[in-house]
Amino acid sequence: MLLGAMSSSDAYLPYWMTTNQYGLMPERNGSMALFQAHSEFDDEKTLQWRWGTSMAVNSFDNPLDPGSSPVHPMLDQLYGSLRWSKFTLDMGMKHRENEFIGASEGLGSLSVTGGHLVESGNARTLPGYLVTMEPVAVPFTGGHFLLSGAYGDYATTDNRYVKGALVHRMKLGFHGAITDRFSVSATLDHYAMWAGTHPDPEMEQIPVTFENYFRVVTGSHAGSSGTMSDRMNVIGDQGGSEIFKAEYRADDWTFTAQHDIPYADGSGMGFANFPDGVNTLYFGWKDKNRWVSDILYEHQYTMFQSGTFNDEQFDEDGNNITPPGASTIGGDNYFGNGYYRSGWTHHGRTICDPLILPGGIYKGTWTSALTSEGIENNRLKSHHFALGGKLFRKHPYKLMLTYSDNYGRYIEPYLGESQWNHEWGTVDEIGLKQVSAAFVGEVDLAHVLKPLASHRGCFQLLYGIYADRGQLYTDSWGVSLGLRYTL
């Protein structure tokens, strides 16, 4: 159980106070209560099972949505899982496990994306099922080459532009154990948003049929029942990322380098969007009781998006009549879509990289309680630095400092002229500079208050100090204070 209060000097809480919190934190000054219960797998059994649930209530007044209740109950997780050998089936609503964790799992990842560009832990959980396969050795390779994967389907539950949209997820990974200490991997993490009810009855709809589902899974064009866009391209809104990782594991420390590339179409999958991506360098000691046990640096660049021209032309039947030599790859518009206007968001927050922002942030009209306006910022440059460790070798903490240059979208830049339809590098674009910082930590009260040391449960004091300064958000600072009880 967690009880907490949050306060800031501005109407909205600072960026890092609400980011990567599964959409549970209040948007403005307020409070939150979180109740969790779960079990773990029993490794001694062949067929293992587990369950979990978490429910949250936050409270805040939002003048941008005056008709809403100040109390917002939320079902965060409700799942059951089965595991056999290398395979796991999760059903219901469950958080994904993030990477680059510091001295305490309860403080979350040191990374902006949590190591996963497509699904970062920034938005409310989607209900559905997911089958995962842990790395399995390829026969006749001596255990040096392995395959992993995941396959699942989800539903959206928010007040979005195309209501009831479905989501298909698929992941395929190739792993190479070069030595006992050094390994490399390449992973394709793909999603497809499809079906749902478009608000305009005159618009063509994507019905839920086995034929359309097969086209979603295989990344095919839509049939005659699909929209014109889906007949010209692939059915639904499809995108994802390609993750390349190298890791070296010494006796006392681990070093990881990762390059996570977003894509919105075939050109991105073919690396025509280079140098776009999230680049992560992580160094961590195995001893998590050090003053500094984990160090992370992350650089993001999503400016190019396969170029600044896209001259594809189609006739009324959807046939491609593009003249020879015309550019057909630019303007990827990461995690945005014209038909699925809410984009890759859920309950008003981006599911993906949280530096890619939902509509209304810059204008000050954003609220997760209203219908998402889609993606307003997917062209950015950023530098992120994070430290983790334990103060006095007892109390976990996390320090994060993020600098970003934000340019909006090709077709709707925040400031000045867009690079769109100009030769690359010929326009001096203007970005909004922003710095966001956070220092958060835990204090085990049993170390401070000796009477609690013999108590059956565990009390922890949670605290945080946050600050925003720049041109994208209002300059502000904030504090949070909470008490967590674990039985």
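## Salt bridges

A salt bridge here is a side-chain nitrogen of Lys or Arg within 4 Å of a carboxyl oxygen of Asp or Glu. By that rule, a search of the whole structure, which is a predicted model, turns up 16 salt bridges. A good one to start with pairs Asp43 with Arg83, where the closest N and O atoms are 2.7 Å apart. This bridge links distant parts of the chain, since Asp43 belongs to the loop between strand 2 (30-38) and strand 3 (47-59), Arg83 belongs to strand 4 (residues 71-84), and 40 residues separate them. The two partners have their own surroundings: Asp43 is exposed, with a relative accessible area of 61%, whereas Arg83 is buried, at 18%.

Another bridge to look up joins Arg181 and Asp251, with 2.9 Å between the closest N and O atoms. Here, too, distant parts of the chain are linked: Arg181 lies in the loop between strand 8 (166-177) and strand 9 (182-194), and Asp251 lies in the loop between strand 10 (237-249) and strand 11 (253-263), 70 residues apart. Arg181 is partly exposed, with a relative accessible area of 31%, while Asp251 counts as exposed at 52%.

## A buried aspartate and a network

Now turn to Lys288 and Asp294, whose side chains meet in a salt bridge of 2.5 Å, N to O. Is Asp294 buried or exposed? Asp294 is buried, because its relative accessible area is 0% and buried means under 20%. Its partner Lys288 has 24% relative accessibility and therefore counts as partly exposed.

Some salt bridges also share partners, and in this way Arg96, Glu119, Arg169 and Asp189 are joined into one network.

## Aromatic pairs

A pair of aromatic rings is described by the distance of the centres and the angle of the planes. The count for this structure comes to 20 aromatic pairs. One of them is formed by Trp84 and Phe87, a stacked pair with 6.4 Å centre to centre and 15° between the planes. It counts as stacked because planes under 30 degrees apart fall into that group. Trp84, at 48% relative accessibility, counts as partly exposed, and Phe87 at 36% is partly exposed as well.

For another arrangement, look at Trp291 and Phe392, an edge-to-face pair with 5.3 Å centre to centre and 65° between the planes. This pair links distant parts of the chain, with Trp291 in the loop between strand 12 (277-285) and strand 13 (294-301) and Phe392 in the loop between strand 18 (380-391) and strand 19, 101 residues apart. With a relative accessible area of 41%, Trp291 is partly exposed. Phe392 has 58% relative accessibility, so Phe392 counts as exposed.

## A ring cluster and charges over rings

Which residues form one aromatic cluster? They are Tyr248, Trp253, Phe283 and Trp285. Trp285 has a further contact to point out: the charged end of Arg290 sits over the ring of Trp285, 4.0 Å from the ring centre.

A contact of this kind also involves Tyr12, because Arg28 lies over the face of that ring, 4.4 Å from its centre.

## The cavity

How many cavities of 30 Å³ or more does the structure hold? There is 1, and the volume of the largest cavity is about 60 Å³. Its lining is made up of Tyr15, Leu355, Leu357, Thr402, Tyr403, Ser404, Asn406, Gln434, Ser436, Leu472 and Tyr473. Two or more of these residues come from strand 19 (395-406), and likewise from strand 20 (432-444). Strand 19 gives the largest share of the lining, 4 residues.

Sorted by class, the lining has 6 nonpolar residues and 5 polar ones, with no charged residues.

## A buried threonine in a loop

One more residue to find is Thr302, placed in the loop between strand 13 and strand 14 (345-346). Thr302 counts as buried because its relative accessibility is 3%. From Thr302 you can step across to Ile261: the two residues are 41 apart along the chain, and 9.1 Å separates their C-alpha atoms.

Note on methods
Residues are numbered from 1 along each chain as its sequence is written. This is a predicted model: local features need pLDDT of at least 70, side-chain atom pairs count only at pLDDT 80 or more; totals for chains, interfaces and linings use all residues. Side-chain values use heavy atoms; hydrogens and water are left out. On a 1 Å grid over the protein atoms alone, a cavity is a set of points where a 1.4 Å probe fits but cannot get out, and a pocket is an open set with protein on both sides within 12 Å along at least five of seven lines; lining residues have an atom within 4 Å of a point. Grid points are joined across faces, edges and corners, and a volume is the space filled by probe spheres set on the points. Ala, Val, Leu, Ile, Met, Phe, Trp, Tyr, Cys and Pro count as nonpolar, Asp, Glu, Lys and Arg as charged, and the others, Gly among them, as polar. Rings of Phe, Tyr and Trp (its six-membered ring) pair if their centres lie within 6.5 Å; planes under 30 degrees apart count as stacked, over 60 as edge-to-face and the rest as tilted. Buried means under 20% relative accessible area, exposed over 50%, partly exposed in between (1.4 Å probe, protein chains only). A charge sits over a ring if NZ of Lys or CZ of Arg is within 6 Å of the ring centre and within 35 degrees of the ring normal.
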